[in-house]
Amino acid sequence: MIENVMLLLKGALGGRDINELLEQCHPLGMFRDSTMRSIPTFENSARGYQDLYQTVLVDTPVGPYFAQFLLESASNRHGGSYNVLQEVEIEIIKSSLIKFWLEDFYNFTMSLGGDTAEIMGELLRVRADSNAINITLNSFGTPLNEPAMRTSDRKRLYPGFGHLYPAGTAMLSDVTDEDELGRVLELFPRYAAIWNIHASGHGDKSIDDAFYERDVQMLELAFESQMHFACFYAYVKLKEQEIRNLVWVSECILQQQKDEIQKFVQVFSQSAPWRKGK
């Protein structure tokens, strides 16, 4: 839902056709057709953004996170929320909404207790860490890496839980380049190996591939226990990985790069590196 809302907002700012945008929306995140078509029709002004939330998004599942973003942004800018959305990039809004959603999801999971809290909690903690690392890495060369924004805007995008929180995220908020990021991640063995794949600059795997490979391992293991809800989450996420694999194979065929076809993250594969103890 967050992805769809951000797609429609960004498309509206660019003047794109609503029907074209709706075709690109994820089917699992669709609202009523009237709601989806209302999102890109707001007036491109401070008042228009506020009306968008009050009349459309307030009644959607992402409404509470949007309200939380507006409140936090207004308080940090010592002003009203009417002009908040004009002052930030769409990607910052998206990262903020995902952060609030992850924190809400994590708190709900912990309240359930039992195996669900243990297994889902771990899945969400590593996802929160991945978000923090990617936000930091993608901020280099952008305004978010400027001294004033590193410890304010960028730091606020890090989820308030995970293996990196709070010491690791505090250090991430101060890094200025990839070398410093690597030195921070070296302090956390579970992420040191993943970072080394990125830092090496060669090989068949990118840092995203390493994250996906790690995620698939954890999602597969979620099926090893009983009487918990994490398996439903794992099922959906593994299906998403299968879709990424199909897209990869299709692109390799279209680009006549058949030698690259096998370079995807296999699901429930007996030859997976972690099953071989690698």
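**Odd backbone spots and a pocket**

With a relative accessibility of 80%, M227 counts as exposed, because anything over 50% falls in that class. Keep in mind that what you're looking at is a predicted model. To find M227, go to the loop between α12 (207–221) and α13 (230–254). Its backbone is worth a look too: phi of M227 sits near 60°, a positive value in a residue other than glycine. Most residues other than glycine have a negative phi.

Now follow the chain to the segment after α13, where you'll meet F268. Here again phi is positive in a residue other than glycine, this time near 55°. How exposed is F268? With a relative accessible area of 43%, F268 is partly exposed, because that class lies between the 20% and 50% cut-offs.

There's one more backbone feature to see, and it involves a peptide bond. Going from Y165 to P166, the bond is cis, with omega near 0°. Most peptide bonds are trans. You'll find P166 in the loop between α8 (147–156) and α9 (167–172).

Next, the second largest pocket, which has a volume of about 750 Å³. It is lined by 29 residues, and those closest to its centre are K205, E213, V265, A272 and P273. Two elements, α11 (189–200) and α12, each give two or more residues to this lining. The largest share, eight residues, comes from α12. What kinds of residues make up the lining, by class? The mix is 14 nonpolar, five polar and ten charged residues.

Conventions. Residues numbered from 1 in each chain as written. Predicted model: local features only at pLDDT ≥ 70, side-chain atom pairs only at ≥ 80, totals over all residues. Heavy atoms only, no water. Helix = DSSP H or I, 4+ residues; strand = E, 2+ residues; numbered from the N terminus. Buried < 20%, exposed > 50% of the residue type's maximum accessible area, 1.4 Å probe, protein only. 1 Å grid on protein atoms, 1.4 Å probe; cavity = no way out; pocket = protein on both sides within 12 Å on 5 of 7 lines; lining within 4 Å. Points joined across faces, edges and corners; volume = space filled by probe spheres on them. Nonpolar A, V, L, I, M, F, W, Y, C, P; charged D, E, K, R; others polar.
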